[in-house]
Amino acid sequence: FKVARVETTPIDGQKPGTSGLRKKVKVFKQPHYLQNFVQSTFNALGADKVRGATLVVSGDGRYYSKDAIQIIIKMAAANGVRRIWVGQNGLLSTPAVSAVIRERVGPDGSKANGAFILTASHNPGGPNEDFGIKYNMENGGPAPEGITDKIYSNTTTIKEYLVAEGLPDVDISTIGVTSFSGPEGQFDVDVFDSASDYVKLMKSIFDFQSIQKLLSSPKFTFCYDALHGVAGAYAKRIFVEELGAKESSLLNCVPKEDFGGGHPDPNLTYAKELVARMGLGKTNTEQEPPEFGAAADGDADRNMILGKRFFVTPSDSVAIIAANAVQAIPYFSGGLKGVARSMPTSAALDVVAKNLNLKFFEVPTGWKFFGNLMDAGMCSVCGEESFGTGSDHIREKDGIWAVLAWLSILAYKNKDNLGGGKLVSVEDIVRQHWSTYGRHYYTRYDYENVDAGGAKELMAYLVKLQSSLSEVNNIIKGIRSDVSKVVNADEFEYKDPVDGSISKHQGIRYLFEDGSRLVFRLSGTGSEGATIRLYIEQYEKDSSKTGRDSQEALAPLVDVALKLSKMKEFTGRSAPTVIT
Ligand code: VG1
Ligand code: CO
């Protein structure tokens, strides 16, 4: 092939958000749109990082991925990349990409330097829905802000991009290496099995035998919903082939370009089928629900954990995993280096860290902030309230890892019970945790796709309000007498303890005397309008009061949050789109 230079002009709005660039497919299909972003990424990395490099290109298989992969292959070749690795059919979950960067050795002994991940994660897919792209670094984690800022600034000045002319489309459905020759020598495209590196890594972390014993016990029943995302490819291999779960325990495990028309977001609103099967929905299932259920998002980095008729809040999930990891998961048997959560995530993890005397960190929303801590050996387990949980085995959150972590805890707690005796259930484990550590009642209200102007005004209003706590407390007193006082309010700012970089404006916090918190943030992953997230949390130490219904326990704080922020006035919405 030859290298062609294509003239282009900057396109507005290519600023990567919380996790890459996410836009409607129609936007991505505009002439030069994807190309401008990819070339801007190569330019941000610099020629010395790109020439001769080995890059992974794959994703959750959503609509437009196959076209995008061919475009990126041709641009990579023209930019001097030496090898492109592609998961078969372009499929790799986000955690698998991270694992492949860190673990895979190519047939010629090569190792990967980075990856383009093609996903819009939990956003719907299809011709009228979302596509996305993000770049991950050599450590397997998302590019830090220093790089994403550079990418964005390059998109505003770009004049040309490079394409390999005469390079045919590569068959990505067949495993094997195809070689081409270009002006600078050989260029290879290596199509490999999407699951094997990831499966191998999971087997090195967990005790598969003990999980297999649990899954084969007639007392234990299991169910997994991939919501037609890429997790399906891994679920079959791991849960069925390796661990012996029944084929019938898998729901929606065939990856589809449009996720079967659904919203591939594992929460109580969108994972309807699983929720009903677990006996949590309004529809009464005739069958006895399974003991354990879980779901993943489109790119399989998120997880929802359910017990029989029981929902595990993600903030509790990471705290419970941290509290049990050393005993239940071989990878952690030497102890935890530290734990971390994102700012809006509840303080359940803080209490565990304090009790177990572990290093603890609070970082801004988005997985990229955990990576630095992990690279520096300061953090083993971390999580976000948004159904993201993970550890330092890779540099992304990991949906299937979280399920295996829970199965390990269940296997450990039931190791003497599987013959005779009553099964310790998911619900038992959570209630036990609350009675030891107290409970953080928690809920999140999302106002999706609201007018961007109104959302900005609401945030500005809340920041202004923070300058006078006495006024805030006066307003609150006028709303309810049964909530405590605000003692501190700020905009969260983070100084990375490893590289000293500072991230500002990471959400507005109102901190109450009794430990309750209200947090307001604008989403950085939407593709249309603005999304306001309101996070509400209240701590209950008294173990006789940890069994209440969470929406009921939080009702007074919710009332205060909505009125204090004038949510309805600013957004015109009288109710959120999603409650989690
Ligand atoms: C959301 C979540 C955040 C998560 C991010 C990426 O971001 O709140 O916790 O890290 O999605 O997850 P935002 O900016 O919309 O609140 V994924 O699974 O979409 O890559
Ligand atoms: Co995701």
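**View 1. Ser-121, a buried loop residue with a positive phi.** In this predicted model, Ser-121 counts as buried because 26 C-beta neighbours lie inside 10 Å, and 20 or more are needed for that class. The residue belongs to the loop between β5 (114-118) and β6 (130-136). Although Ser-121 is not a glycine, its phi is positive, at about 55 degrees. Most residues other than glycine have a negative phi.

**View 2. His-505, a partly exposed loop residue with a positive phi.** The loop that holds His-505 runs between β22 (502-503) and β23 (508-512). Phi of His-505 is near 55 degrees, a positive value in a residue that is not glycine. His-505 is classed as partly exposed because 13 other C-beta atoms lie within 10 Å, a count between the limit of 12 or fewer for exposed residues and that of 20 or more for buried ones.

**View 3. The bend in helix α11.** Helix α11, which comprises residues 314-328, bends by about 35 degrees, and the bend is placed at Ala-322. The helix is mostly covered, with 13 of its 15 residues buried.

**View 4. The open sheet of six strands and its edges.** Read across the sheet, the strand order is β20-β23-β24-β25-β19-β26, and the pairing is antiparallel. The edges are formed by β20 (486-491) and β26 (578-579), each of which has a single partner strand, so one side of each is left without a neighbour in the sheet. Strands of a sheet pair through backbone hydrogen bonds, in either a parallel or an antiparallel manner.

**View 5. The pairing of β19 with β25.** Within this sheet, where β25 and β19 are adjacent in the strand order, strand β19 (residues 439-450) and strand β25 (residues 530-540) pair in the antiparallel sense over ten bridges. A position to look for in this view is Tyr-441, which stands opposite Gln-538 in β25.

**View 6. The contact between domain 2 and domain 3.** The domain assignment divides the chain into domain 1 (2-194), domain 2 (199-427) and domain 3 (439-579). The centres of domain 2 and domain 3, taken over C-alpha atoms, are separated by 27 Å. To the contact between them, domain 2 gives 17 residues and domain 3 gives 17 residues. On the side of domain 2 that touches domain 3, the largest share, three residues, comes from helix α13 (residues 368-375). The residues on this side of domain 2 comprise nine nonpolar, seven polar and one charged.

Terms used:
Residues are numbered from 1 along each chain as its sequence is written. Chains are lettered from A and ligands numbered from 1 in the order in which they are written. This is a predicted model: local features need pLDDT of at least 70, side-chain atom pairs count only at pLDDT 80 or more; totals for chains, interfaces and linings use all residues. Domain bounds come from an automatic or database domain assignment. Two residues are in contact if their C-beta atoms, placed from the backbone, lie within 7 Å. Helices (H or I, at least four residues) and strands (E, at least two) are DSSP runs, numbered from the N terminus. Ala, Val, Leu, Ile, Met, Phe, Trp, Tyr, Cys and Pro count as nonpolar, Asp, Glu, Lys and Arg as charged, and the others, Gly among them, as polar. The bend at a residue is the angle between axes fitted to the seven residues ending there and the seven starting there. Two strands pair if DSSP finds at least two bridges between them.
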